[in-house]
Amino acid sequence: MKLSRNIAILSIFLGLALVTTACSLSGRSRWSDEEVTALRTLWIGNLSPPPADPSNRYADDPRAAALGQKLFFDTRFSSNGQVACATCHLPDQLFQDGIALSRGVGVTSRRAMSVVGTAYSPWLFWDGRKDSQWAQALGPMENPVEHGGNRTLYAHLIAEFYAEEYTALFGPLPDLSGLPRDAAPIADPEALAGWEGMSAKDREAVTRLYVNMGKSIAAYERLLVPGESRFDQYVEAVLNNDNEAADEILTPDEIAGLRLFIGEANCTNCHNGPLFTNNDFHNTGVPAAKDLPEDIGRSKGVQDVLADEFNCLSIYSDAKPEQCSELKFLVAEGHQLVRQFKPPSLRNVAERGPYMHAGQFATLEEVLNHYNTAPEAPAGHSELEPLDLSEKQVEQIIAFLKTLSGPLDADEAWLTRPEYSN
Amino acid sequence: MQESKPKSTSVRLWLWIGGIVAALVLAFAIFMVTMGMRMNAVPSDLDTSTTQRTENGVFNVSYIASTDTVPVNQMHAWTLHVETADGQPVEDAAISVDGDMPQHGHGLPTRPQVTKYLGDGDYLVEGMKFQMAGWWVMDFTITANGQTDAVRFNMRLQ
């Protein structure tokens, strides 16, 4: 009797010891070598400076960045004098606008993506229809529902307000006398007629000026990169083998969420690297937005970027053709492209709802519920499979996502509206 | 009556303890098995050698990446070296390139191609990119000297 009691007590101790080990493995900072490698790939300390942009020879010129910052905030560069890049990419909101469909002079059909960290992406916009930051910056400026303006109008405005800065960087302004105020190869009939009435030489001169505006804005946007978050401090402690310090940085729930994130929830399939995005394209079965026309995502994006007058292979690009490998080796067709969209960076994700390309989900709970249940795609084929996570696990992943919030790694001067005569 | 009461309480206590121990051990076993399943997602005997013989033994093929290791999310190039089974460099080969993730059922984010013959049986493969960590395969179908054969390389990317 006494022996069996001792065995029983021993069993309890053994059982408790095993369970304690299991719990500490799942909720605290004990990681396998493989997991530590995965954590390191996500760590901001693993983020190199933005890759060179051979298509923009002004990309790293501080004078171009200064001019670009002014243009980014200047509402005169729009059809109604009220819209700038900063209207939808607000510096105090991580350079996005916090609403489902952005509003310029009209309403767009997509959610504004944050500008932060876009220097790392070979493709811009949700569907990747642009292949550089400068080409991207020019899209909204002639879009009828965003800035609503046109390149000849902008050329006149540069001559009127930025002649000195512009010529110091790009050389003499073209002769704009005699050119219409509004002219561009766009849908607006008046602007199109004006454009068709211009000589080929004038059109190219105006377009070059327009391109230089884009390259200046891109030089500015390159400076907007994410900074350290609580997650990064945690990884640093783990890499230093300082588990005690690590456990003070993240809570057991946040750590459990991180474990799910790099493990069974499959999040790092797309949200990988220090920016938590592979900058590729995926169909995750996101529901169609109500009251909007059908959106086939990357299927159209590839055709648009191949035909884009400002792509890497265009005469306006400073890159040599052999430097345009993304465009050259692009997957241009296939059913898998239907309704693919670019996974955004998850840095600061908790600060910038609503989510998805048309703001379909208001909260992270809705996002996680979508990934957990993996509904069929409205078009194309969803890459998701149901995760069958418990409510608690979903909460833990959300708790982890909130640890990715942190300030931008940019000088304060770049994060505010610059001073200029407006 | 007063004697038997503590006895039955003690039996019940032991039953409880036994049950708890069993439950704990079971929980731990499930935990370990789940961990194990996750680890075993990729075949444990995966051959990740960078030199392989083609399926029918016609060619010996090897690759070297332009980067130190094969990277995730970075465009890079491979140099593919093709030789005959008896070690002679193969010139004028026509090579088609494909790749995918066996566990995911999706392919490469790019369409890599052989863009240049570098001499001495070396071929430049440009447009290589892998968009996530995990088990990848690269397949090359090689036609030369009137013979066609295929080779597969496995990679475990981190």
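In the predicted model, Phe400(A) is buried, with a relative accessible area of 0%. The ring of Phe400(A) belongs to one of the 24 aromatic pairs that a search of the whole structure finds over all chains. Its partner is Phe231(A), and the pair is edge-to-face, with 5.7 Å from centre to centre and 75° between the planes. Phe231(A) is located in helix H10 (residues 230-239) of chain A and Phe400(A) in helix H16 (residues 391-401) of chain A, so the contact ties together parts that are 169 residues apart in sequence. Phe231(A) is likewise buried, and its relative accessible area is 0%.

A second pair among the 24 found over all chains consists of Phe77(A) and Tyr162(A). The ring centres of these two residues are 6.1 Å apart; the planes meet at 40°, so the pair counts as tilted. The angle falls in this class because planes under 30 degrees apart count as stacked and planes over 60 as edge-to-face, with the rest called tilted. Phe77(A) is found in the loop between helix H3 (62-73) and helix H4 (85-88) of chain A, while Tyr162(A) is in the loop between helix H6 (151-161) and helix H7 (163-170) of chain A; the pair therefore ties together parts that are 85 residues apart in sequence. Phe77(A) and Tyr162(A) are both buried. These two residues also belong to one aromatic cluster, whose other members are Trp134(A), Tyr154(A), Tyr210(A), Phe310(A) and Tyr316(A).

Aromatic rings of chain A also take part in contacts with arginine. The charged end of Arg259(A) is placed over the ring of Trp31(A), at 4.1 Å from the ring centre. In another such contact, Arg298(A) lies over the face of Phe281(A), and the distance to the ring centre is 4.0 Å.

Over all chains, the structure holds one disulfide. This bond joins Cys312(A) to Cys324(A), with a distance of 2.1 Å from S to S. The angle about the S-S bond is -80°, and the link of Cys312(A) and Cys324(A) is left-handed. Cys312(A) and Cys324(A) both lie in the loop between helix H13 (298-307) and helix H14 (325-328) of chain A, so the disulfide ties together parts that are 12 residues apart in sequence. Cys312(A) has a relative accessible area of 10% and is buried; Cys324(A), with a value of 2%, is buried as well.

Two further cysteines of chain A were examined. Cys85(A) is in no disulfide, and the nearest cysteine sulfur, that of Cys88(A), is 9.2 Å away. Because a disulfide requires two cysteine sulfur atoms within 2.5 Å, this distance of 9.2 Å does not qualify. Cys85(A) is buried, with a relative accessible area of 10%. Cys88(A) is also in no disulfide, its nearest cysteine sulfur being that of Cys85(A). With a relative accessibility of 13%, Cys88(A) counts as buried.

In chain B, four strands form an open sheet with the order E5-E4-E8-E9 and antiparallel pairing. Strand E5 (106-107) and strand E9 (147-157) of chain B are the edge strands, each of which pairs on one side only. Strand E8 (residues 134-144) of chain B pairs with E9(B) in the antiparallel sense, over 11 bridges. Ile142(B) stands opposite Asp149(B), a residue of E9(B).

Technical notes
Residues are numbered from 1 along each chain as its sequence is written. Chains are lettered from A and ligands numbered from 1 in the order in which they are written. This is a predicted model: local features need pLDDT of at least 70, side-chain atom pairs count only at pLDDT 80 or more; totals for chains, interfaces and linings use all residues. Side-chain values use heavy atoms; hydrogens and water are left out. Two strands pair if DSSP finds at least two bridges between them. Helices (H or I, at least four residues) and strands (E, at least two) are DSSP runs, numbered from the N terminus. Rings of Phe, Tyr and Trp (its six-membered ring) pair if their centres lie within 6.5 Å; planes under 30 degrees apart count as stacked, over 60 as edge-to-face and the rest as tilted. Buried means under 20% relative accessible area, exposed over 50%, partly exposed in between (1.4 Å probe, protein chains only). A charge sits over a ring if NZ of Lys or CZ of Arg is within 6 Å of the ring centre and within 35 degrees of the ring normal.
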